[in-house]
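Subject: Structure for you to look at

Hi,

Here is the structure I promised, and my notes follow below it. Could you open it alongside them and tell me what you think?

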Amino acid sequence: MTRFLASLMLCFSLSSTAFAEPALRVLTTFTILQDFVREIGGDRVTVTTLVGFDEDAHAFDPRASDIRRLRDADLLVSNGLGFDPWIDPMMQSARFTGTHVVASSQVTPLERDDEGHDEPGHEHHHDGMADPHAWLDATNAMNYVRTIAAALIAADPAGKSIYEANEAAYLAQLNTLEKDLRAGFASLPPSRRTVVTPHDAFGYFAHAYGLHFLAPAGLSNEAAPSAAAVADLIRQLRELNVDRVYLETLADDRLIQRIGRETGATVGGALYADALSRKDGADTYTGLMRHNLKTLTAP
Ligand SMILES: [Zn+2]
């Protein structure tokens, strides 16, 4: 009898979780945010993303079907800080009436010229322009997660205990990640701390983990560096004896390959910054960060 009751109750609980309509339809601007929402929302939400795996948010051009997806969403999560500025006209076109949460709203932004150097590729940036790539510091990622969890709870108060439990479990994972990043980069020799990547995505990452990134292109993949900027960068790399340069999955490899040839630096593999990927285990945020750690600390 007890067993019968238990299995009956199991039946009911299965039907109420597995077959129920998700409480919220969430749309995110890019894959990192989608991953955060999936971690916190679990089965209680459906979450899709405008800019997909291995796609470049800087170059996103919304289609009519994207406008329709936005119109149908209950909650929109964007990055802010100028990463996904196309969302504002999209919200107008879609006459979006749901809730919009900016995931970076509680993060302290880094100014692009934070380091104060006249680094190659930086001259086209306006003073005071914020660097949008805040998620590449795991502490900021935790901040994003808290902001997103609060938004999910506000939009769906009945799911509060579920969201809070998922949030706590995921924050614990991010905490472990942060410790591993700090420990991993602490052992990197000084000669390996200057890192060359195609686009200037790693400001927060550098700031958090004690590295120094140089990029021939600017904050987005779209700005092409001038010949003088590239020559400057090559001269700087020779002075610093930089022995390794890195590729980035969404960027054009040719310039980095050329810089490698001209400085004698080895090409040390591809880093991920602006999108999750089906490759290299970078299909989750923690996977992406661990891949970058492994690549940058490889012997
Ligand atoms: Zn970027």
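Asn241 sits in the loop between helix H8 (227-240) and strand E7 (244-248). Keep in mind that this is a predicted model. What is the phi of Asn241? The value is positive, about 55°, although Asn241 is not a glycine. For background, most residues other than glycine have a negative phi. Asn241 counts as exposed because its relative accessibility is 61%, and the cut-off for exposed is over 50%.

Asp280 is another one to look at. Its phi is positive too, near 60°, and Asp280 is a residue other than glycine. You'll find Asp280 in the loop between strand E8 (266-271) and helix H10 (285-297). With a relative accessible area of 47%, Asp280 comes out as partly exposed.

Stepping back for a moment, the chain has 10 helices and 8 strands. It runs to 299 residues, of which 50% count as buried. Take the contacts with a separation of 6 or more: 65% of them are between residues 24 or more positions apart.

Now for helix H9 (residues 254-263). Which of its residues are buried? They are Ile256, Ile259, Gly260 and Thr263. Looking down the axis of H9, these buried residues fall within an arc of 105°, so they line one face of the helix. The general reason is that an α-helix has 3.6 residues a turn, so residues three or four places apart point the same way. Arg254 and Arg261 are exposed on the other side of H9. As for what covers the buried residues of H9, the list includes strand E5 (194-196), H8 and E7. Those last two are also the elements on either side of the Asn241 loop. Right after H9 comes Gly264, with a positive phi near 75°.

Helix H3 (residues 64-72) can be read in a similar way. Its buried residues are Asp66, Ile67 and Leu70. They span an arc of only 100° around the axis, which puts them on the same side of H3. Their packing partners are strand E1 (24-28), strand E3 (75-78) and helix H4 (87-94).

Asp66 deserves its own look. Is this H3 residue buried or exposed? Asp66 counts as buried because its relative accessibility is 0%, and the cut-off for buried is under 20%. The Asp66 side chain makes a polar contact with the side chain of Arg69, at 3.2 Å. If you leave aside neighbours within four places in sequence, Asp66 is in contact with Leu50, Phe60 and Met90.

Last, the empty space inside. How many cavities of 30 Å³ or more does the structure hold? There are 2. The second largest has about 40 Å³ of space. Its lining is made up of Ser191, Arg192, Thr194, Val242, Asp243, Arg244 and Tyr246. Sorted by class, that lining has 2 nonpolar, 2 polar and 3 charged residues.

If you want somewhere to start, I'd go to Asp66 and its side-chain contact with Arg69, then move on to the lining of the second largest cavity, with Asp243 and Arg244 among its residues.

Cheers

Technical notes
Residues are numbered from 1 along each chain as its sequence is written. This is a predicted model: local features need pLDDT of at least 70, side-chain atom pairs count only at pLDDT 80 or more; totals for chains, interfaces and linings use all residues. Side-chain values use heavy atoms; hydrogens and water are left out. Buried means under 20% relative accessible area, exposed over 50%, partly exposed in between (1.4 Å probe, protein chains only). Helices (H or I, at least four residues) and strands (E, at least two) are DSSP runs, numbered from the N terminus. The arc is that of the directions from the helix axis to the C-beta atoms. Contact means heavy atoms within 4.5 Å. On a 1 Å grid over the protein atoms alone, a cavity is a set of points where a 1.4 Å probe fits but cannot get out, and a pocket is an open set with protein on both sides within 12 Å along at least five of seven lines; lining residues have an atom within 4 Å of a point. Grid points are joined across faces, edges and corners, and a volume is the space filled by probe spheres set on the points. Ala, Val, Leu, Ile, Met, Phe, Trp, Tyr, Cys and Pro count as nonpolar, Asp, Glu, Lys and Arg as charged, and the others, Gly among them, as polar. A polar contact is a pair of N or O atoms within 3.5 Å; within protein, one must be able to donate a hydrogen and the other to accept it, and residues adjacent in sequence count only if both atoms are side-chain atoms.
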